[in-house]
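I opened a fresh notebook page for this one. Come and look over my shoulder while I work through it.

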Amino acid sequence: MTGSKRWISLGLVASGLFAGCAGNKASQPSPSAPGDSTPSLSKAIRPEPQQGEHVTPQDVNGDGKPDVWTYTLADRGPNGEERLRKVRQELDLNWDGRADLARYFDETGALMREVMDLDFDGKVDATYLYEKGANTRRERDFDGDGRADSIAYYERGALVRKESDTNSDGRVDYWEYWEGGQVDRIGEDLDGDGSVDKWTRNPNNAARD
């Protein structure tokens with residue numbers, strides 16, 4: 001593996017794209033309440049630049065084309081000092097000249113959101129949300145309709161719940177609750193009314209990926 005490819009791979013691992021999941025018991029909302037997806041799904045991965053935003057391109061694989069774009073804004077820090085603050089960073093993961101991963105940073109420099117184009121069509125189909133640097137939620141749009149088909153919730157870095165829309169009607173109809181790194185129970189809405197009709201306890205291999 002070349003140094004540049006290793007740099008990208010390390011960045012992906014650090015961002016949690018392929019991170020495994022462990023879990024502990026968490027507070028659980030009503031299973032009939034579907035999660036609301038973030039509005040970024042299905043939108044173009046590269047947004048319109050903000051006013052005053054400055055971009056610095058970087059060619060990390062030496063092919064003469066930029067692979068990383070870092071966006072900064074000039075503003076003032078908490079003590080009134082002038083600074084150049086990083087607001088977003090985009091990465092081209094498959095070397096086709098287009099951004100496939102965008103990371104957004106808050107005013108303290110902490111990662112707050114990642115959006116990903118996993119099928120390389122130029123649109124967002126996965127969104128990861130962070131609080132104080134910890135991943136709290138992961139959304140996936142599998143059919144490209146702009147709505148999350150699967151939402152995973154995390155507490156203290158551990159997976160605690162998954163919600164899925166298995167028939168693409170915009171409503172959650174499948175719930176997994178995780179404890180101790182495995183599925184503790186599964187709820188299914190069989191008649192489409194938004195509430196659980198069937199519970200499966202200790203399902204082991206019955207859990208969906």
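Here are my entries, in the order I made them.

**Entry 1: the sheet**

I noted at the start that this is a predicted model. I then looked up how the strands are arranged. Twelve strands make an open sheet, ordered β1-β2-β3-β4-β5-β6-β7-β8-β9-β10-β11-β12, and their pairing is antiparallel. I marked β1 and β12 as the edge strands, since each pairs on one side only. I also looked up the turn between neighbouring strands of this sheet: on average it is 20°, with direction ignored.

**Entry 2: from β2 to β4**

Next I followed one stretch of the sheet strand by strand. Strand β2 covers residues 68-76 and strand β3 covers residues 82-91; nine bridges pair them in the antiparallel sense. I picked out one of the partners: A74 is bridged to L84 in β3. Five residues sit between the strands of this hairpin, and G80 has a positive phi there, near 85°.

On I went to strand β4, residues 101-105, which runs antiparallel to β3 and is joined to β3 by four bridges. Here I wrote down that Q89 has R103 in β4 as its bridge partner.

**Entry 3: V68**

I stopped at V68, which belongs to strand β2. Is V68 buried or exposed? Its relative accessible area is 0%, so I put V68 down as buried; the cut-off for that word is under 20%. I also checked V68 against L93: the two are 25 residues apart along the chain, and their C-alpha atoms are separated by 9.1 Å.

**Entry 4: R46**

Now for a residue outside the strands. I found R46 in the loop between α1 (3-15) and β1 (54-58). R46 has a relative accessibility of 37%, and therefore counts as partly exposed. Which residues does R46 touch, leaving aside its neighbours within four places in sequence? I listed W69, Y71, E90 and A99. With E90 there is also a polar contact, side chain to side chain, at 2.7 Å. I added R98 to the page as well: R46 and R98 are 52 residues apart in sequence, yet 8.9 Å apart in space from C-alpha to C-alpha.

**Entry 5: the aromatic pair**

How many aromatic pairs does the structure hold? I found one. The rings are those of Y177 and W199; their centres are 6.1 Å apart and their planes stand at 40°, so I entered the pair as tilted. The pair links distant parts of the chain, with Y177 in strand β10 (residues 174-179) and W199 in strand β12 (residues 198-201), 22 residues apart.

I looked up the accessibility of both partners too. Y177 counts as buried because its relative accessibility is 2%. W199 has a relative accessible area of 35%, so I wrote partly exposed beside W199.

**Entry 6: charges over the rings**

My last lookup was what sits over these two rings. R185 lies over the face of Y177, 4.6 Å from the ring centre. Over the face of W199 I found R201, at 5.6 Å from the ring centre. I drew both arginines onto my sketch of the pair, R185 with Y177 and R201 with W199, and closed the page there.

How values were computed. Residues are numbered from 1 along each chain as its sequence is written. This is a predicted model: local features need pLDDT of at least 70, side-chain atom pairs count only at pLDDT 80 or more; totals for chains, interfaces and linings use all residues. Side-chain values use heavy atoms; hydrogens and water are left out. Two strands pair if DSSP finds at least two bridges between them. Helices (H or I, at least four residues) and strands (E, at least two) are DSSP runs, numbered from the N terminus. Buried means under 20% relative accessible area, exposed over 50%, partly exposed in between (1.4 Å probe, protein chains only). Contact means heavy atoms within 4.5 Å. A polar contact is a pair of N or O atoms within 3.5 Å; within protein, one must be able to donate a hydrogen and the other to accept it, and residues adjacent in sequence count only if both atoms are side-chain atoms. Rings of Phe, Tyr and Trp (its six-membered ring) pair if their centres lie within 6.5 Å; planes under 30 degrees apart count as stacked, over 60 as edge-to-face and the rest as tilted. A charge sits over a ring if NZ of Lys or CZ of Arg is within 6 Å of the ring centre and within 35 degrees of the ring normal. Axes are lines fitted to C-alpha atoms, for helices over the stretch in contact, and angles run from 0 to 180 degrees between N-to-C directions.
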